[in-house]
Amino acid sequence: RSSDLGIRLFYSRVFTSKMFRLAVRRRFGVSASLRNVRASLAEPAPLRRIEVVVEDANVKALREKAKGPWNKLSKEEKIALYRASFPQTFAEIKAPTGEWKKVLGGITLGLAAGISLFSILRLTVGPTKPHTLTPEWQAATEEKIRAQLANPVSGISSKLAAPAAPAPAAKTA
């Protein structure tokens, strides 16, 4: 049939395209065959989460009553059956939980603790400077660097007076 031919052409183009081959490599590995791909697409995806609900005697009695005509059920019984199958409505699922308040409070407490620890350490440890920052120590360090001729190209040692080059001899005519 012509519709079969169109579907076959569509699938042959899709399954041979470069994007599809890259997706297959990513999903199944390099050695995936087209048969494996078609088989995996035909199988349903596995369930992510299975919830087990334990029903009480009231819900079991309502389910037995619901096997009969539904117009004999009251509105409250229908709502109870619905709630037994679906514990939350979409509005209840999407309703804000207020968890952002706990997260914001935790972040604020963490920042306050960090800032207070920094301030305490700054006050108790910070006032005395290390002895290597005194002017005498820095002058001694510079003198030692000059004595060792460290970094003679562009450092402190390059600023030392270079030996004078001999002057060119003057021509006498």
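The second largest pocket in this predicted model has a volume of about 170 Å³. Two helices, α5 (75-85) and α6 (90-94), each give two or more residues to its lining. Around that pocket sits an all-helix pattern, α-α-α-α-α-α-α-α, in a protein where buried residues make up 8% of the 173 residues. Here's the rundown, topic by topic.

**The second largest pocket**

- Who lines it? The residues are Tyr82, Ser85, Phe86, Pro87, Gln88, Thr89, Phe90 and Ile93.
- Sorted by class, that lining comes to 5 nonpolar and 3 polar residues, with no charged residues.
- If you're thinking about the probe side of things, rolling a probe the size of a water molecule over the atoms shows where empty space is left.

**The overall fold**

- The secondary structure adds up to 8 helices and 0 strands.
- Take the contacts with a separation of 6 or more: residues 24 or more positions apart account for 7% of them.
- The protein exposes about 16100 Å², and 63% of that comes from carbon and sulfur atoms.

**Helix α7**

- Helix α7 covers residues 99-125, which is 27 residues.
- From its first C-alpha to its last, α7 reaches 39 Å, close to the 39 Å you'd expect at 1.5 Å a residue.
- How many of the 27 residues in α7 are buried? The count is 0, so α7 is hardly covered, taking buried as under 20% relative accessible area.
- As a reminder on helix geometry, an α-helix has 3.6 residues a turn, so residues three or four places apart point the same way.

**Valine 59 in α4**

- Valine 59 lies in helix α4, residues 57-66.
- Is valine 59 buried or exposed? Its relative accessible area is 16%, which is under the 20% cut-off, so valine 59 is buried.
- Valine 59 and leucine 81 are 22 residues apart along the chain, yet their C-alpha atoms are separated by 6.9 Å.

**Helix α8 and leucine 149**

- Helix α8 (135-148) has 14 residues that should span 20 Å at 1.5 Å a residue, and its end C-alpha atoms are 20 Å apart, which agrees.
- What follows α8? Leucine 149 does, and its phi is positive, near 55°.
- Most residues other than glycine have a negative phi, so a positive value is worth a second look when you browse the backbone.
- Leucine 149 is not a glycine, but has that positive phi of about 55° all the same.
- With a relative accessible area of 52%, leucine 149 is exposed, because the cut-off for exposed is over 50%.

**The segment after α8**

- Asparagine 151 is also placed in the segment after α8.
- At 47% relative accessibility, asparagine 151 counts as partly exposed, because that value falls between the 20% and 50% cut-offs.
- Setting aside neighbours within four places in sequence, asparagine 151 is in contact with Ile156, Ser157 and Ser158.
- Serine 157 sits in the segment after α8 too.
- Serine 157 counts as buried, because its relative accessibility is 7% and the cut-off is under 20%.
- Which residues does serine 157 contact, leaving aside its neighbours within four places in sequence? They are Ile145, Arg146, Leu149, Ala150, Asn151 and Pro152.
- Serine 157 and alanine 147 are 10 residues apart along the chain, with their C-alpha atoms separated by 8.3 Å.
- To tie this part together, serine 157 is in contact with both Leu149, the residue with the positive phi, and Asn151.

Note on methods
Residues are numbered from 1 along each chain as its sequence is written. This is a predicted model: local features need pLDDT of at least 70, side-chain atom pairs count only at pLDDT 80 or more; totals for chains, interfaces and linings use all residues. Side-chain values use heavy atoms; hydrogens and water are left out. On a 1 Å grid over the protein atoms alone, a cavity is a set of points where a 1.4 Å probe fits but cannot get out, and a pocket is an open set with protein on both sides within 12 Å along at least five of seven lines; lining residues have an atom within 4 Å of a point. Grid points are joined across faces, edges and corners, and a volume is the space filled by probe spheres set on the points. Helices (H or I, at least four residues) and strands (E, at least two) are DSSP runs, numbered from the N terminus. Ala, Val, Leu, Ile, Met, Phe, Trp, Tyr, Cys and Pro count as nonpolar, Asp, Glu, Lys and Arg as charged, and the others, Gly among them, as polar. Buried means under 20% relative accessible area, exposed over 50%, partly exposed in between (1.4 Å probe, protein chains only). Contact means heavy atoms within 4.5 Å. Accessible areas come from the Shrake-Rupley method with a 1.4 Å probe; for residues, only the protein chains shown count as cover. The expected span of a helix is 1.5 Å times one less than its number of residues.
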